[in-house]
Amino acid sequence: MRDLFEVCQGLEALAGELACERITDGEIDAIAATHAAMVQHYHEGDLIQYYRGNRAIHEAIVTAAGNPVLTGLYASVTARIRRARYVTPMTPQRWARAVQEHEAILNALQRRDGVGLSHVLRAHLRHKREEVLQAGFADTDGIDLPRQIA
């Protein structure tokens, strides 16, 4: 699991850099709208819908990178960690930190700051990796993913 998250960090960091070079204003607007909905789900305490928005944002950044090889690798890696990524218990503190990190992700994306976005994405996934490992998910076997997130 640790190795998969390290690879995912690298892929998302690269995607962030490339997306900042290639993303359209319309794609940024769509991500901002998804982000706003995700934050609303946070305020409502709707973790399932929050996770759906979270996932959509990460995938939209990868798509905006405009690199089909990167997109394919990302899909392969995230499919292997998705269960652990979205079933790990979310404490109120961790959830608040994740929302703050997503605010920073959107801010860097809107400024088209590829280096900044890369750093934020790496930290965001490093925090998630630590959370997953602390919860005892060393691998993805036997973890059931709620259908609403899958």
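What share of the contacts in the protein chain with a separation of 6 or more comes from residues 24 or more positions apart? The share is 84%. The points below set out the fold, two of the helices, the cavities and three individual residues of this predicted model.

1. Overall fold. The protein chain holds six helices and zero strands, and its pattern along the sequence reads α-α-α-α-α-α. The radius of gyration is 14 Å, close to the 15 Å from the globule rule for 150 residues, so the protein chain is as compact as a globular protein of that length. Along the principal axes, the C-alpha atoms fill a box of roughly 40 × 35 × 25 Å. Buried residues make up 46% of the 150 in the protein chain.

2. Helix α1. This helix runs over residues 2-22, which is 21 residues. From first C-alpha to last it reaches 30 Å, close to the 30 Å expected at 1.5 Å a residue. Its buried residues include Leu4, Phe5, Leu11 and Leu18. The buried set also takes in Gln9 and Glu12, as well as Cys8 and Cys20. Ala13, Ala15, Gly16 and Ala19 are buried too. The packing partners of the buried residues of α1 are α3 (47-64), α4 (68-87), α5 (92-110) and α6 (114-134).

3. Helix α3. With 18 residues, α3 reaches 26 Å between its first and last C-alpha, close to the 26 Å expected at 1.5 Å a residue. Among its buried residues are Tyr50, Tyr51, Gly53, Asn54, Arg55 and His58. Ile57, Ile61, Val62 and Ala64 are likewise buried. The cover over the buried residues of α3 includes α1, α2 (25-44), α4, α5 and α6. After α3 comes glycine 66, which has a positive phi near 65 degrees.

4. Arginine 52. This residue belongs to helix α3. Its relative accessibility is 45%, so arginine 52 counts as partly exposed. Its C-alpha atom lies 9.4 Å from that of tyrosine 86, although the two residues are 34 residues apart along the chain.

5. Largest cavity. The count of cavities of 30 Å³ or more comes to two. The largest has a volume of about 90 Å³. Its lining consists of Tyr51, Asn54, His58, Arg85, Tyr86, Met90, Arg94, Ala98, His124, Leu125 and Lys128. At least two lining residues come from each of α3, α4, α5 and α6. By class, the lining has five nonpolar, three polar and three charged residues. Two members of this lining recur elsewhere in this note: Tyr51 is buried in α3, and Met90 touches glutamate 131.

6. Second largest cavity. Its volume is about 60 Å³. Arg55, His58, Glu59, Tyr74, Thr78, Arg82, Arg85 and Tyr86 form the lining. Both α3 and α4 supply at least two of these residues, and α4 gives the largest share, five residues. The lining divides into two nonpolar, two polar and four charged residues. His58, Arg85 and Tyr86 line this cavity and also line the largest cavity.

7. Glutamate 131. Is this residue of helix α6 buried or exposed? Its relative accessibility is 10%, and because buried means under 20%, glutamate 131 counts as buried. Leaving out residues up to four places away in sequence, glutamate 131 touches Thr88, Pro89, Met90 and Arg94. Met90 and Arg94 are also part of the lining of the largest cavity.

8. Arginine 112. Where does arginine 112 lie? It lies in the loop between α5 and α6. Arginine 112 is not a glycine, yet its phi is positive, at about 55 degrees. Its relative accessibility of 33% falls between the limits of 20% for buried and 50% for exposed, so arginine 112 counts as partly exposed.

Definitions and conventions: Residues are numbered from 1 along each chain as its sequence is written. This is a predicted model: local features need pLDDT of at least 70, side-chain atom pairs count only at pLDDT 80 or more; totals for chains, interfaces and linings use all residues. Side-chain values use heavy atoms; hydrogens and water are left out. Helices (H or I, at least four residues) and strands (E, at least two) are DSSP runs, numbered from the N terminus. The expected span of a helix is 1.5 Å times one less than its number of residues. Buried means under 20% relative accessible area, exposed over 50%, partly exposed in between (1.4 Å probe, protein chains only). Contact means heavy atoms within 4.5 Å. On a 1 Å grid over the protein atoms alone, a cavity is a set of points where a 1.4 Å probe fits but cannot get out, and a pocket is an open set with protein on both sides within 12 Å along at least five of seven lines; lining residues have an atom within 4 Å of a point. Grid points are joined across faces, edges and corners, and a volume is the space filled by probe spheres set on the points. Ala, Val, Leu, Ile, Met, Phe, Trp, Tyr, Cys and Pro count as nonpolar, Asp, Glu, Lys and Arg as charged, and the others, Gly among them, as polar. The radius of gyration is taken over C-alpha atoms; the globule rule is 2.2 Å times the number of residues to the power 0.38.
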